[in-house]
Amino acid sequence: MSDASPLDELDRDILNVLLKQAKTPYAELAKMFGVSAGTIHVRVEKMRQSGVITGTHIAVDPRKLGFDVCCFIGIILKSARDYPAALQKLEALDEVVEAWYTTGHYSVFIKVMCRSIDALQHVLVNKIQTIDEIQSTETLISLQNPIDRPIKA
């Protein structure tokens, strides 16, 4: 069963603009779509209240902050019941920026950002692979991120 909120065409149009540029003023959106700024405000607020819009985020370039290594690590847990404990320990690691509970070969798939290959090795050997609930890992180093876009409403 889906929790999808019914959105009309105007809601989707507003959302698609905000997904590209969250700071777009309501007055500008109103001009784009031929409605009042008040209408935009009401529509955005309804999408917030319904949970369609969950927040506003700033995008940064990790490399400009010195994080030159992005990798994905597939994790096989010793047991499915180990998931909550393993997740809690992974969440405590600053280098882990995303985690996904998955089907297939891996129980958990994480995204890790590090400043260097040496830093990645340290995180793997001294942090991730020391978590008792983890049976094994496989690391894939990202060479580039050629597609990075929000979902289209």
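Here are some exercises with worked solutions on the predicted model above.

**Exercise 1. Work out the overall layout of the protein chain: how many helices and strands does it have, and in what pattern do they follow each other?**

Start by counting: the chain has 5 helices and 4 strands. Next, walk along the sequence, and you'll read α-α-α-β-α-β-β-α-β. Now for the overall form. The C-alpha atoms fill a box of roughly 55 × 40 × 25 Å along the principal axes. The radius of gyration is 20 Å, while the globule rule gives 15 Å for 153 residues, so the chain is more spread out than a compact globule. Finally, check how much is tucked away: buried residues make up 30% of the 153.

**Exercise 2. Find the largest nonpolar core and say which elements give two or more residues to it.**

Begin with the members. This core has 20 residues, and those touching the most other members are Ile73, Ile75, Leu90, Ile110, Val112 and Ile128. Then look at where the residues come from: strand E1 (69-77), helix H4 (83-91), strand E3 (108-114) and helix H5 (117-126) each give two or more. E1 supplies the largest share, with 5 residues.

Zoom in on Ile73 for a closer look. Leaving out residues up to four places away in sequence, its contacts include Val108, Ile110, Val112, Leu124 and Ile128. Don't stop there, though: a second, separate core of 12 residues includes Leu10, Leu15, Leu29 and Ile40.

**Exercise 3. Compare two aspartates, 11 and 82: what charged side chain does each one have around it?**

Take aspartate 11 first. You'll find it in helix H1 (residues 9-20). Its relative accessibility is 9%, which is under the 20% cut-off, so it counts as buried. Its side chain makes a polar contact of 2.9 Å with the side chain of arginine 43. Asp11 and Arg43 also belong to a network of salt bridges together with Asp8.

Now go to aspartate 82, in the loop between E1 and H4. Aspartate 82 is buried too, yet it has no salt bridge. The nearest side chain of opposite charge is arginine 81, 5.0 Å away. A salt bridge needs the nitrogen and oxygen within 4 Å, so that pair doesn't make the cut. Not counting residues up to four places away in sequence, aspartate 82 touches Leu77 and Glu133.

**Exercise 4. Track down the salt bridges that link distant parts of the chain, and say where the partners of lysine 89, lysine 127 and lysine 111 sit.**

The structure holds 5 salt bridges. Let's go through three of them.

- Lysine 89 meets glutamate 133 at 2.9 Å, N to O. Lysine 89 is in helix H4 and glutamate 133 is in the loop between H5 and E4, so the pair ties together parts 44 residues apart in sequence. As for accessibility, lysine 89 is partly exposed at 35%, whereas glutamate 133 is buried at 12%.
- Lysine 127 pairs with glutamate 95, with the closest N and O atoms 3.0 Å apart. Here lysine 127 is in the loop between H5 and E4, and glutamate 95 is in the loop between H4 and strand E2 (96-101), 32 residues apart. Lysine 127 is partly exposed at 26%, but glutamate 95 is buried at 17%.
- Lysine 111 pairs with glutamate 98, and their closest N and O atoms are 3.9 Å apart. This bridge links strand E3, home of lysine 111, to strand E2, home of glutamate 98. Glutamate 98 is partly exposed at 32%, and lysine 111 is partly exposed at 21%.

Note on methods:
Residues numbered from 1 in each chain as written. Predicted model: local features only at pLDDT ≥ 70, side-chain atom pairs only at ≥ 80, totals over all residues. Heavy atoms only, no water. Core = buried A, V, L, I, M, F, W, Y, C linked by side-chain atoms within 4.5 Å. Buried < 20%, exposed > 50% of the residue type's maximum accessible area, 1.4 Å probe, protein only. Contact = heavy atoms within 4.5 Å. Polar contact = N/O pair within 3.5 Å; in protein donor to acceptor, adjacent residues only side chain to side chain. Lys, Arg positive; Asp, Glu negative; His and termini not counted. Rg over C-alpha atoms; globule rule 2.2 N^0.38 Å.
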